[in-house]
Amino acid sequence: IAIFSGSAHPALAEEICAKLGVPLLPTRLKRFSNDCIEVQLQANCREQDVFLIQPLSSPVQDHLVELLLMLDAARGASAARITAVIPFYAYARSDKKDAPRISIGGRLVADLLATAGADRILTMTLHSPQVHGFFSVPVDHLHALGELAQHFQRYDLANGVVVSPDLGNAKSAAAFAKRLGVPMAAGAKERLSDTEVRISMLIGDVRDRDVIVLDDEIVTGGSILELLRHLRDHKARSIRIACTHGILSGSATRRLAAEPDVLEIVCTNTVPIAAEKRVPKLTVLSIA
Ligand code: R5P
């Protein structure tokens, strides 16, 4: 096999290659004075099983175009099969026409990846699982519930409960709760804008319980902060937070960590986590 990484998350690519015992092959990336990007795969991959590792982390558009160019380069180099390994598929939240004349990025980007040369997609914890149906090529949709469960099993969970901030994520939360052998609860969340959500009620019992909040991603932290209000009102005993994708935009990590009753925030390394976001309460698990 031949594994290449874009510029989004070379540390994860290195980790994956170390686990597989294969070298990470070099890629050259050039940005011209007109702001266009050029990519060159710097190792022969003719007739090989090629894997291109690139989460769509910030800056999403740059990383997307880079991945499209890598796919094009691999196809042009006569690769036998090309898998785009996209641990975080950023456009998954744009999955329906929920307003007039609105774009559906989740589907369009899926089309672009296939057109550019992807024979197969390997991704993790899509915002909603049905997004994999947008792809015309096979998709392996992985999740991180095993890694997250292994982490939380170190705690006494006799009085635990898994809480999903919204009903859309309740199925994953139920699967996670089952792994941990605890009950689950969920919030009824409504998104008001990109940065604002409202949770109207909490379904399930959290009183005097040790809560593990599970979400697919934390972006602004708004969903979790709104959920914390309800958990306090319902007298939860302790609160830990878990998600797959720690996007943690702006001051999300600091805002969450500043909440005195939040004991820990756990995410995985599907996207790189900058040093300034690595507060003491943050644990980053590897999905390599
Ligand atoms: C739902 O809408 C998702 O499952 C996440 O809850 C959401 O993307 C998190 O975003 P934020 O942290 O900005 O509330």
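Which residues does Pro 183 touch, not counting residues up to four places away in sequence? In this predicted model, the answer is Val 161, Ala 177 and Gly 204. Pro 183 itself is placed in the loop between helix H5, residues 170-180, and strand S10, residues 184-191. Its environment can be stated in terms of neighbour counts: a residue is buried if 20 or more other C-beta atoms lie within 10 Å of its own, and exposed if 12 or fewer do. Because Pro 183 has 16 C-beta neighbours inside 10 Å, this residue counts as partly exposed. A further point of reference is Leu 148, which is 35 residues from Pro 183 along the chain; the C-alpha atoms of the two are separated by 16 Å.

The view may now be widened to the protein as a whole. Its division is into domain 1, spanning residues 2-142, and domain 2, spanning residues 145-285. A distance of 28 Å lies between the C-alpha centres of domain 1 and domain 2. Contact between them involves 11 residues of domain 1 and eight residues of domain 2. On the side of domain 1 that touches domain 2, six residues are nonpolar and five are polar, while no charged residues are present.

Helix H2 merits separate description. This helix covers residues 60-76, 17 residues in total, and reaches 24 Å from its first C-alpha to its last, close to the 24 Å expected at 1.5 Å a residue. Its buried residues include His 63 and Glu 66, together with Leu 67, Leu 68, Leu 69, Met 70 and Leu 71. The buried residues of H2 pack against strands S1 (2-5), S3 (27-31), S4 (37-41), S5 (49-53) and S6 (81-86), and also against helix H3 (105-116). After H2 comes Ser 78, which has a positive phi, near 65°.

The ligand provides the next topic. Around the ligand there are 14 residues, of which Ile 218, Val 219, Thr 220, Gly 222 and Ser 223 come nearest. Two elements each give two or more residues to this shell, namely strand S12 (210-218) and helix H6 (222-233). The most is given by S12, with four residues. By class, the shell around the ligand comprises four nonpolar, five polar and five charged residues.

Finally, the confidence scores should be noted. The average pLDDT of the protein is 97, and 100% of the residues score at least 70. For the model, ipTM is 0.97 and pTM is 0.96.

How values were computed
Residues numbered from 1 in each chain as written. Predicted model: local features only at pLDDT ≥ 70, side-chain atom pairs only at ≥ 80, totals over all residues. Near = placed C-beta within 6 Å. Nonpolar A, V, L, I, M, F, W, Y, C, P; charged D, E, K, R; others polar. Contact = placed C-beta atoms within 7 Å. Domains from an automatic or database assignment. pLDDT = per-residue confidence, 0-100. Expected span 1.5 Å × (residues − 1).
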